[in-house]
Structure formats: structure tokens, C-alpha cells
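Trainee: Could we take a close look at one part of this model? I'd like to start from a ring pair and work outwards.

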Amino acid sequence: MNEPRPLWQQLAGLGVLAVAAALSRRRPLVSFTLTAALGLTAAPALFTVSYGPALGVFALLLGLRAQRARPAVAAFVAVGLVGTARIALVGADPPPEWLVMTGTLLFGCVFPWLCGRYWRQSRALAEAGWLRAARLEDEQRHAEERARLRERARIAQDMHDSLGHELSLLALRAAALQVSPGLATDHRAAAADLRAAAADATDHLHRIIGVLREDDEPAPLAPAGESIEELVARAAESGLPVRVERPRGTAVPSAAAPEPGGVAGRLPHRVVREALTNAARHAPGAPVVVAVGSHAHGTTVTVTNGPATEEAAPTQGGSGLLGLRAAVTSVGGDFSAGPHGDGFRVRAYVPAQQPTPATPVLPPPAPTSPFPRARRRVALGLGAAAGAGVVLVGAAFGWYAYTETHSVLTPAAYAQLRPGTPYDEVAPVLPDREAHDPPTDRAPAPPPGAHCRYYRASGELLVSIDHFRLCFDAPGRQGKLIAKDVVPGVGRPDQDHDENAENTENGGPVR
């Protein structure tokens with residue numbers, strides 16, 4: 001590939017590449033630096049056919065395996081500075097060599113490095129996406145399980161409230177039956193046992209449901225199916241001394257009454273039912289007053305009971321009032337419960353629920369993901385590197401084409417040159433520039449003390465062509481032509497160049 005080197009240099013290059021390959025996994029920056037140093041040693045312009053592929057591979061591995069970008073950027077800058085200094089010191093034609101080095105640095109180093117970083121970010125983001133998907137699936141599964149448990153607890157609590165209220169009324173009926181006149185002793189004892197069993201069943205039901213329910217969970221709001229007056233009347237029929245009061249001036253027309261199926265209609269019913277259940281359990285025989293005030297802005301219910309007139313069965317405290325407080329406050333109302341005189345009072349204010357105006361449905365915002373942003377950043381980096389590389393490579397090729405085509409000495413002009421001709425007579429047929437990469441390794445030994453110049457035999461680009469060598473006995477314009485030679489291109493047979501060789505006028509051979 002027109003890069004002949006001694007055997008020891010080839011073995012040394014293979015050794016350096018072997019060391020770089022061994023360090024590429026744990027020390028990718030060191031591997032790239034070794035390969036870049038090898039390329040700069042072989043050619044000031046950094047580009048070599050022997051080490052260029054290895055340079056691109058280790059740059060790709062550097063982007064794929066190195067986490068930080070700043071050390072890699074510093075290495076690229078250092079390679080560029082060292083290459084520039086070496087071209088300035090030993091370069092044969094600095095401008096095109098610097099352009100070639102810059103293009104190699106961009107296309108052979110920076111571009112593969114950006115591809116490696118893009119590959120690495122893609123793998124990391126894909127792995128993070130799979131982890132996030134698994135975490136979201138776990139969260140969704142836990143949320144479904146929690147929702148299922150909450151629904152079970154809600155159903156159980158609703159059953160507790162409904163059955164607890166009915167069992168309390170059953171206990172009241174058993175108590176009334178127990179004290180009724182004319183009842184036999186065994187029947188009276190059975191009524192007492194029925195009352196105690198109803199109280200025990202209520203406590204057992206409360207303990208079972210209490211395990212499933214959180215203290216701050218809102219009370220269920222299942223449709224009541226009856227008004228507060230009907231609820232109070234049914235409790236009174238069961239033997240509970242309760243009555244309903246409506247303060248004057250608070251009643252509103254039926255058109256403004258709360259909707260039975262709405263929260264403002266169900267929640268007051270739920271408060272009254274829980275308060276009556278507690279009064280029947282904890283203060284048997286105490287008179288109960290239910291005050292209901294309906295206003296345009298909401299409904300207020302107050303349940304007040306006096307001191308107990310009969311001995312209450314021992315029961316444990318419940319969480320019904322806590323659930324009511326959470327339910328009332330969740331809709332913006334006010335709830336209070338506590339001792340009142342010798343008895344107990346529960347008061348709740350439930351605001352009227354105003355119809356919410358229909359709001360236009362807006363499309364959901366586009367989800368933001370780090371993956372598209374990372375793609376855009378890497379694409380911009382690759383595009384900038386590719387654009388700069390195209391400009392530099394284009395400029396380098398243009399300069400290469402210019403220098404090569406302006407250093408051509410035609411075979412006809414070469415044939416007219418004779419040894420002993422002064423430089424001033426030779427200069428008119430010489431091209432503007434000399435060949436910037438003369439094949440000195442293939443040329444014969446020049447005459448002692450001669451100053452030789454090389455010119456291209458044709459304007460063909462990117463191929464190995466013949467070169468003409470003209471040697472003068474003195475530098476500058478003072479010398480005379482003492483020898484001229486044809487240096488054949490690589491791979492061309494010598495007979496192709498015989499036509500360019502001719503004897504000089506004085507019989508000297510053309511070498």
C-alpha cells in the first residue's frame with residue numbers, strides 16, 4: 001500500500017497495537033492515545049493505511065466504554081496540537097498535510113467517538129427504560145392490589161354500618177320486649193339474652209371490620225334509600241326515644257332541597273344513622289334529638305342525646321366518627337363530636353355541591369423523555385463533526401488537486417532538456433510548483449553535491465505515477481542542469497518509461 005517499512009518497525013507497530021487491544025476494555029483512553037501516537041510517528045498527517053483502521057476502532061471503543069467526555073476531548077486536542085507541531089517541524093508541505101491531519105482527526109477519531117457515545121447512551125437509556133417499565137408494572141400491580149383491598153374494606157364497612165344500625169335497633173326491640181308487662185319469666189330471660197346477643201354481635205362485627213379499615217378513611221356513601229325523617233321514624237318504632245326538629249326559618253322549598261342521590265343528600269343521612277347507632281349502644285334509654293337545617297348553601301344536622309337511663313353493655317370504641325369526619329371534611333364541610341352537657345352531641349355541616357361547568361378537554365402534553373433529547377444532542381454532534389470534516393476534506397482535496405496539477409512537467413518538455421543547460425533557460429518550461437511528496441526512496445542516488453527537484457509526469461490523481469528528477473550543480477538560479485532521471489511509479493513496468501529516456505546532445509545517458 002505504498003507504505004514500505006523495515007521489519008523492526010512493522011513488528012514494533014504490531015506490538016503497540018497488541019498492547020492497545022489488551023488495554024481497550026479497562027483503559028480505552030490509553031489505547032486510543034497509543035494508537036494515535038503510533039500514527040503520528042508513522043506520518044505527520046496522522047493518516048496512514050496501516051494504522052488508520054485501528055485508530056477509528058479504538059476511538060469507537062473510547063466513546064462506547066468511557067463515561068466522561070472531557071478526557072477524550074482533551075486527547076483529541078492534544079493529538080491535534082502534537083500533529084500540528086510535527087507538521088510544522090518536519091512536514092514537506094504543511095498546508096495540505098495539516099488539512100489531512102484535521103480531516104483524519106474529525107472523521108477517523110471524533111466521528112467514531114461520537115458514534116460510540118451514541119451507542120452507549122442508547123444501550124443505557126434502553127436498559128433504564130426496561131427498568132422503569134418493570135417498576136411501573138410493580139407499582140401498577142401494588143396499586144391494583146391496594147384498590148382491591150380498599151374496595152373490600154369499603155364494602156365491609158358499609159355492611160358494618162348497616163348491620164350495626166339494624167342490630168342496635170334489634171337490641172332496642174329486645175329491651176322493650178323484656179320490660180313489657182305480662183311476659184313470662186322464661187320469655188323475659190330470652191328477650192334479655194337476645195338483647196345481649198345483639199350487642200355482642202355488634203361488637204364482634206365492629207372488631208372484625210376495624211381490622212380492615214384505616215382510621216382516616218372516609219365513610220362510604222352508598223345510597224341510603226330513605227330520608228332522615230324515615231330513618232328517625234324507624235328508630236322510634238324500634239323503641240329509641242328520638243324525635244326530629246327543624247329550626248324555623250331554615251327550611252327551603254323543595255326545589256332547593258339537596259338531591260337524594262348526591263353527596264349533600266347521602267352524607268347527612270349517614271351522619272344521623274351513625275349518631276343514632278352510637279346513642280343506642282352507649283346511652284340506652286337517653287332521649288335523642290335530631291335537628292336538621294336545610295339552607296341554600298348547605299345542610300346542617302345535629303344529633304344530641306342525654307345521659308343514659310339504663311346500664312349499657314360494655315363495648316369498645318369505634319372508628320365510625322373518624323370516618324365521618326374524613327368524609328365531611330373531604331367535601332369542604334365541618335364536623336364536630338364530643339360531650340355536650342350530660343350527654344353527647346354530633347354536629348355536621350355539608351355544603352351544597354354546585355354543578356361544575358364543563359371545561360374544554362385539552363390534549364395531554366407530549367411526554368418528555370430523555371431519550372429524544374439525547375438523540376438530538378448526539379445527532380447535532382455527529383452533524384457538526386461531519387460538516388466540519390466535509391469542509392476540511394474538501395479543502396484538502398482541492399489543495400491536493402491544485403498542487404498536483406501545478407507540478408506537472410510534460411514528457412515532451414522533459415525530452416527537450418539537456419544537461420549543461422543553465423537554470424534560466426530551463427525555468428520557462430518548468431511548472432509553478434514541485435512535487436510535494438517526491439519518491440526519494442525509489443530514485444537513484446543523485447550526483448555528489450547536486451540539488452535535485454522532482455516533478456510529476458502527468459496530472460492523474462490518487463494513483464502512483466512517474467516522476468521526473470532534475471539535478472542542478474548549485475541551488476537557486478545560478479546552477480546548471482547536470483542530470484535528469486525518470487522515477488517510475490509503483491507497479492509500473494520499466495518499459496513504459498523507456499520512451500521518456502533519451503540521450504543528451506553530448507552523449508550522456510539519461511538515467
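Trainee: Are Tyr-414 and Phe-468 buried or exposed? Please take me through that corner and whatever connects to it.

Mentor: Tyr-414 is buried, and Phe-468 is buried too; that label stands for under 20% relative accessible area, with exposed over 50% and partly exposed in between, using a 1.4 Å probe on protein chains only. Before we dig in, keep in mind that this is a predicted model, with local features needing pLDDT of at least 70 and side-chain atom pairs counting only at pLDDT 80 or more, while totals for chains, interfaces and linings use all residues. Numbering runs from 1 along each chain as its sequence is written, and side-chain values use heavy atoms, leaving out hydrogens and water.

Let's do the rings. The structure has 5 aromatic pairs, where a pair means Phe, Tyr or Trp rings (the six-membered one for Trp) with centres within 6.5 Å; planes under 30 degrees apart are stacked, over 60 edge-to-face, and the rest tilted. Phe-32 and Phe-76 have ring centres 5.2 Å apart and planes at 90°, so this pair is edge-to-face. Phe-32 belongs to helix H2 (residues 28-42) and Phe-76 to helix H4 (residues 70-90), so the contact ties together parts 44 residues apart in sequence. (Helices here are DSSP runs of H or I with at least four residues, strands are E runs of at least two, and both are numbered from the N terminus.) Both Phe-32 and Phe-76 are buried.

Now set that beside your pair. Tyr-414 and Phe-468 are stacked, at 4.1 Å centre to centre with 10° between the planes. They also bridge distant parts of the chain: Tyr-414 sits in helix H11 (residues 411-416), Phe-468 in strand S7, 54 residues apart. Back at the Phe-32 and Phe-76 pair, Trp-113 joins in to make one aromatic cluster of the three.

Your tyrosine has another visitor. The charged end of Lys-484 sits over the ring of Tyr-414, 4.5 Å from its centre; to count, NZ of Lys or CZ of Arg has to be within 6 Å of the ring centre and within 35 degrees of the ring normal. Elsewhere, Arg-123 does this with Trp-119, its charged end 5.8 Å from the ring centre.

Next, the sheet that holds Phe-468's strand. It is open, with 3 strands in the order S6-S7-S8 and antiparallel pairing; strands pair if DSSP finds at least two bridges between them. Strands S6 (451-456) and S8 (481-487) are at the edges with a single partner strand each, so one side of each has no neighbour in the sheet. From one strand to the next, the twist averages 20°, taken from axes fitted to C-alpha atoms (for helices over the stretch in contact), with angles from 0 to 180 degrees between N-to-C directions. S6 and S7 (residues 467-472) run antiparallel over 6 bridges, and Arg-456 faces His-467 in S7.

S6 and S7 are also stitched covalently. There is 1 disulfide in the structure, by the test that two cysteine sulfur atoms lie within 2.5 Å. Here the sulfurs of Cys-452 and Cys-471 are 2.1 Å apart, and the link is right-handed, with 100° about the S-S bond. Cys-452 comes from S6 and Cys-471 from S7, 19 residues apart. The two ends sit differently: Cys-452 is partly exposed at 26% relative accessibility, whereas Cys-471 is buried at 0%.

For contrast, a second piece of strand pairing. Strand S2 (residues 288-295) is mostly covered, with 6 of its 8 residues buried. Strand S1 (residues 242-245) pairs with S2 in parallel over 4 bridges, and Glu-245 has Ala-291 in S2 as its bridge partner. Strand S3 (residues 298-305) pairs with S2 antiparallel over 8 bridges; Gly-293 stands opposite Thr-300 in S3, and a hairpin of 2 residues joins S2 to S3.

One last stop, back by helix H2. Leu-46, in the loop between H2 and helix H3 (52-65), has a positive phi of about 75° despite not being a glycine. Leu-46 is also buried, at 2% relative accessible area.
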